[in-house]
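Subject: Structure handover

Hello,

Here is the structure you are taking over. Please open it alongside this message, since the notes refer to it throughout.

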Amino acid sequence: TGDAAKELTKSYANVSKTIVGDFADIGDTLGEVNTRFGVTGEKLEELSALYIKFADINGTDVTTAVDSTQKALAAFGLGAENAEHLLDAMNATGQRTGVSVDSLAAGLVTNSAAFSELGLNIFQATEFMGDLEVSGADSSAVLGGLSKALKNATAEGKPLDEALAELQSSIVNGADGMDGLTASYE
C-alpha cells in the first residue's frame, strides 16, 4: 500500500518495457522476488528480469525458480547479491549435463550440509551436483561417503580440490556408465 505500492507499480512498468512476457508472470515475479529477497527498486527490477529469462530458457515455472533458488542460497548462507551468479551456474551446469535446473536447486538444498562439510561453495556444489546426477548416482548416498573419502584423502596430504577433481573425473569419464556409477559409490 501507499509508497510501496507505487514503487512496485513503477517497477512493473519498467520490467514490462524490457521483458517480453505474460503480464501476470511479470507481476508474480516482482512480488515473489520482493518477498523472497526483500529487494526493491532497480535491484528488484534487474533480478526479476533475470528470473523471467531464466525460467523461459529452462522451461520452468518462474515462481518455482525464485522459491527454489532462494532456498538454495539461504542453505549456503547467501542472499540476493549471489542470485545472478547462481542462475548463471545453474544454466551452465544444466546445459552441460542436461540435468534440469529444478533438480539442481533441489539437490543443493537437500545436500547443502554435506557440501558445506566438504568445503564446497554453492557454485562448486552446483557443478558437482550436475556431474553426480548425470552419472546416475544417488547423490545423497554418494555425498555421505564422499565426505569420509575426502577427509581420508586430505589426511593423506592430498589437497581437497585435487581429490574432488579426481573423483569427478572418475564419475564422468568412466569407461562406460557403470564404471562411473561404481566409482561414485566406491
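The notes below go from the overall make-up to helix contacts, then to single residues.

Overall make-up

Please keep in mind that this is a predicted model. The protein has 11 helices and 0 strands. Along the sequence the pattern therefore reads α-α-α-α-α-α-α-α-α-α-α, each symbol being a helix by the DSSP assignment. Of the 186 residues in the protein, 43% are buried. Among contacts with a separation of 6 or more, 61% are between residues 24 or more positions apart.

Helix α3 against helix α4

Helix α3 covers residues 41-58 and helix α4 covers residues 62-75. Their axes come within 9 Å and cross at roughly 110°. Angles of 65 to 115 degrees count as roughly perpendicular, so α3 is roughly perpendicular to α4. The crossing of these two helices, α3 and α4, is right-handed.

Which residues in α3 and α4 meet? From α3 they are Y51, I52, F54 and A55, and from α4 they are V62, A65, V66 and T69. Sorted by type, the residues of this contact between α3 and α4 are 7 nonpolar and 1 polar, with no charged residue.

Helix α4 against helix α6

Helix α4 also packs with helix α6, which spans residues 101-110. Here the axes are 8 Å apart and the angle is about 30°. Angles under 35 degrees count as roughly parallel, and α4 and α6 are therefore roughly parallel to each other. The crossing of α4 and α6 is left-handed.

On the α4 side the contact is made by T64, S68, K71 and A72. On the α6 side it is made by D102, A105, L108 and V109. The residues of the contact of α4 with α6 divide into 4 nonpolar, 2 polar and 2 charged.

Two buried residues

T29 lies in helix α2, which runs over residues 23-37. Is T29 buried or exposed? Its relative accessibility is 1%, so T29 counts as buried, the cut-off being under 20%. Leaving aside neighbours within four places in sequence, T29 is in contact with S48, Y51, I52 and V62. Two of these contacts, Y51 and I52, also appear on the α3 side of the contact with α4, and V62 appears there on the α4 side.

Q70 is found in helix α4. Its relative accessible area is 16%, so Q70 is buried as well. Not counting residues up to four places away in sequence, Q70 touches R36 and F37.

Aromatic pairs

How many aromatic pairs are there? The count comes to 2. One of them is formed by F115 and F128. This pair is edge-to-face, with 6.4 Å centre to centre and 85° between the planes. F115 is in helix α7 (residues 112-117) and F128 is in helix α8 (residues 122-135). The two residues are 13 residues apart, and the pair links distant parts of the chain. Both F115 and F128 are buried.

If you want somewhere to begin, select helix α4 in the viewer: the contacts with α3 and with α6 can be followed from there.

Regards

Technical notes:
Residues numbered from 1 in each chain as written. Predicted model: local features only at pLDDT ≥ 70, side-chain atom pairs only at ≥ 80, totals over all residues. Heavy atoms only, no water. Axes fitted to C-alpha atoms, helices over the stretch in contact; angles between N-to-C directions. Helix = DSSP H or I, 4+ residues; strand = E, 2+ residues; numbered from the N terminus. Parallel < 35°, antiparallel > 145°, perpendicular 65-115°, else oblique. Left-handed = near helix turned anticlockwise from the far one by under 90°. Contact = heavy atoms within 4.5 Å. Nonpolar A, V, L, I, M, F, W, Y, C, P; charged D, E, K, R; others polar. Phe/Tyr/Trp six-rings, centres within 6.5 Å; stacked < 30°, edge-to-face > 60°. Buried < 20%, exposed > 50% of the residue type's maximum accessible area, 1.4 Å probe, protein only.
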